[in-house]
Structures are given as structure tokens and as C-alpha cells.
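The following note is offered to a colleague who is beginning to read protein structures. Please keep the sequence and the model at hand while going through the numbered points.

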Amino acid sequence: MSKKKKKYYVVWKGAKTGILESWEECKKSIHGFKGAEYKSFKTIELAKKAYSGNYNEYKGKTIFESTLTEGQIKLIGEPNLESVSVDAACSGNPGIVEYKCVETKTKDEIFYFGPLYESTNNIGEFLGLVHTLAHMKKVNDKRPIYTDSRIAMNWVKNKTCRTDLEKNDKNRKSFELIERAIKWLKTNKIENKILKWETKAWGEIPADFGRK
């Protein structure tokens, strides 16, 4: 029989407030208490963070909680917020592709590009990463760039795009941009570190379109 994973219960308003370690204790605190405010969390770290904040920040929201162990998360560490993040989205496969680059810390949009028709998410991730590299070079910004796509990272590293997508009239623009991106990679020195966004530890990348 698998062991039931422990949960921590934050009670902002109740007969007993704080971080409680069992549902029975939490239930006693909130039962019959008008306007009780409480929520469960999978880790003590997140529970502590939540309790130091406001209930309305968590009410009715799905809060990211990593499936990794605390030890694994510590080994990965925290993301470098002094950076930018890039991500793509694709509606269909192939389908309509778009991508954007944002400030990692604030999620403020730096640029957006799209739509590209009859394309793929991998192509969008690749074009978005090269577009970001070119933009950062143009504005002389040496900060790291986060992407959650290892495929895009490998394509950039090898200065190629190994897509299996067949070219047609609808996706001609994507292939023109791929050709331009590869040419840029072959004629420019990459001056920014490209870092993998660790989704399992940190949640969705800040540039995520929120459609999953």
C-alpha cells in the first residue's frame, strides 16, 4: 500500500490559526467558524510562504506545487530573475504558432510575434529563442535567456532546425524565418547564456501563454 503524502493546512481565519499538520486539526479549527479562511499545501515551505501572505492571493487558485523532493529542488536551486524568458504556443499540430519574450521577474512583455500558420511548437520555440538572441544583441543586453525547450536549445547550439514539417503555401513564412534564423546564428556570436527553465521545480516559464 502506498504511503499517503503529507499535507499542510494553512488557516488564516479560524478557531486556531497557523500551519496545521492534519486535516482533523484543520477541520476542528474551521468547523462552525464563520468566514473561515484555509487552504492545503503539499510542502511546508509553500505553507509558510502562504501563511505570511494574504488568503485572497490563494483563494480559488491552483498553486504550483512541485512533484520533486525538497532535496531535488535544492539541487536545482532558484531561477535567476535578472533574465528574460521566451516561450511559444501552438493551437493545433501543426497549427497557429505565436511566441513572446518577457522579463522573467515581472512577466512584462518585451516583444510578441505571430501568428504563423500550419507550423509547430518546436519551430516556434526555436524562432522565439533566436529572435530573443538577436534582440538582446541589438540592445546590448547580456542577461541570460530562459527557455523550457531542450529541442530549441539544441537546434540553436547546432545552428540548424531539424523539423519534419513539410513545406507548403500556408507555412512558407515559417520556413523563410527558419532560413533567416539559421543565417543569423552562423554569422553572429551568441553573447547571452541560454538556460533551461526547470518547470518541474519552478512551475511554468514566465513567458507561458497559460493555455495548458
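1. The model under discussion is predicted. A suitable place to begin is the UniProt record, an unreviewed entry, which places the feature "binding site" at D87 and D208. These residues span 122 residues in sequence, yet no two of their C-alpha atoms are more than 5.8 Å apart, so they gather at one spot. Of these residues, D208 is included in the lining of the largest pocket.

2. D87 belongs to strand β4, which covers residues 84–92. Is D87 buried or exposed? Its relative accessible area is 1%, and because the limit for a buried residue is under 20%, D87 counts as buried. Leaving aside residues up to four places away in sequence, D87 touches E98, Y99, K100, E125, D148, I205, A207, D208 and F209.

3. D208 is located in the segment after α7 (199–202). With a relative accessible area of 16%, D208 is also classed as buried. Which residues does D208 touch, if those up to four places away in sequence are not counted? They are D87 and K100. K100 also appears among the contacts of D87.

4. Helix α1 comprises residues 23–30, and C26, S29 and I30 are buried in it. They cover an arc of only 85 degrees around the axis, which puts them on the same side of α1. The general rule is that an α-helix has 3.6 residues a turn, so residues three or four places apart point the same way. The buried residues of α1 pack against three strands: β1 (8–13), β2 (18–20) and β3 (37–41). After α1 comes G32, with a positive phi near 75 degrees.

5. Some backbone angles deserve attention, since most residues other than glycine have a negative phi, and most peptide bonds are trans. The peptide bond from N93 to P94 is cis, with omega near -5 degrees; P94 sits in the loop between β4 and β5 (95–103). A cis peptide bond also leads from G114 to P115, with omega near 0 degrees, and P115 is part of strand β6, residues 109–119.

6. Where is E118 found? E118 is in strand β6, and its phi is positive, about 50 degrees, although E118 is not a glycine. E118 is partly exposed, at a relative accessible area of 29%. N140, likewise not a glycine, has a positive phi near 55 degrees. N140 occupies the loop between α4 (121–138) and β7 (145–147) and, at 55% relative accessibility, counts as exposed.

Note on methods: Residues numbered from 1 in each chain as written. Predicted model: local features only at pLDDT ≥ 70, side-chain atom pairs only at ≥ 80, totals over all residues. Heavy atoms only, no water. Buried < 20%, exposed > 50% of the residue type's maximum accessible area, 1.4 Å probe, protein only. Helix = DSSP H or I, 4+ residues; strand = E, 2+ residues; numbered from the N terminus. Arc of directions from axis to C-beta. Contact = heavy atoms within 4.5 Å. UniProt positions renumbered as here; feature names shortened; annotations may be inferred. 1 Å grid on protein atoms, 1.4 Å probe; cavity = no way out; pocket = protein on both sides within 12 Å on 5 of 7 lines; lining within 4 Å.
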